[in-house]
Amino acid sequence: MTEKNVLITGASRGIGRSTALLFADKGFHVFLNCHKSIEELQKVQQEIEQNHPNCSTIVTGNVGNSEDVHSIFREIYSHCDSLDVLVNNAGVAHIGLLMDLTDEEWRRIIDTNLSSVFYCCREAVPKMVSTKSGRIINISSMNALRPLTKIPAYSGAKAAVSNLTQWMA
């Protein structure tokens, strides 16, 4: 049986961490990604490795940056030919009013929650198409459909992720 491979962005905690543990339990080689929470990501890797030795690889980088994503995928493809599953989970939010949101905060939220999905899919899809195999799971939010007050950039980005996912399907 050929080993299956999955990349999970935002794998250091929450949904990403749980997803990483689940895929490892299902026999996948898990590529773990995060940008800043490296110590937490290393703890996730240690937890995986306790039960599944040599079953995970850390690929750090900012998935909201296209150059970092290219480097991440170059590293992944040095270990395997293609991903079987891509889980776009990375996400950040800023709680506050629209008029209090700075340009820098807006870009960070849009890049992390939306652009990252585009960049990772753009890297993964060609090999998935050529192998006629692969799955992409994009994590959105209830806020895509019913936005809460004080998270305008997050709600907008997650709505766009939902729309992009439907278009890709």
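I began with the length of helix 3, residues 66–77 (helices are DSSP runs of H or I, at least four residues; strands are runs of E, at least two; both numbered from the N terminus). Its twelve residues should span 16 Å at 1.5 Å a residue, and the end C-alpha atoms are 16 Å apart, which agrees. The expected span is 1.5 Å times one less than the number of residues.

This is a predicted model, where local features need pLDDT of at least 70, side-chain atom pairs count only at pLDDT 80 or more, and totals for chains, interfaces and linings use all residues. Residues are numbered from 1 along each chain as its sequence is written, and side-chain values use heavy atoms, without hydrogens and water.

Next I looked up burial in helix 3. Val69, Ile72, Phe73, Ile76 and Tyr77 are buried (under 20% relative accessible area, 1.4 Å probe, protein chains only; exposed is over 50%). They cover an arc of only 130 degrees around the axis, which puts them on the same side of helix 3. The arc is taken from the directions from the helix axis to the C-beta atoms. Glu67 and Arg74 are exposed on the other side. I then checked partners: the buried residues pack against strand 1, strand 2, strand 4 and helix 4 (contact: heavy atoms within 4.5 Å).

Last, I turned to the largest pocket. About 610 Å³ of space lies in it. Of its 29 lining residues, Arg13, Ala90, Gly91, Val92 and Thr112 are the closest to its centre. A pocket is an open set of 1 Å grid points where a 1.4 Å probe fits, with protein on both sides within 12 Å along at least five of seven lines; lining residues have an atom within 4 Å of a point. Helix 4 gives the most to this lining, with five residues.

Note on methods:
Points joined across faces, edges and corners; volume = space filled by probe spheres on them.
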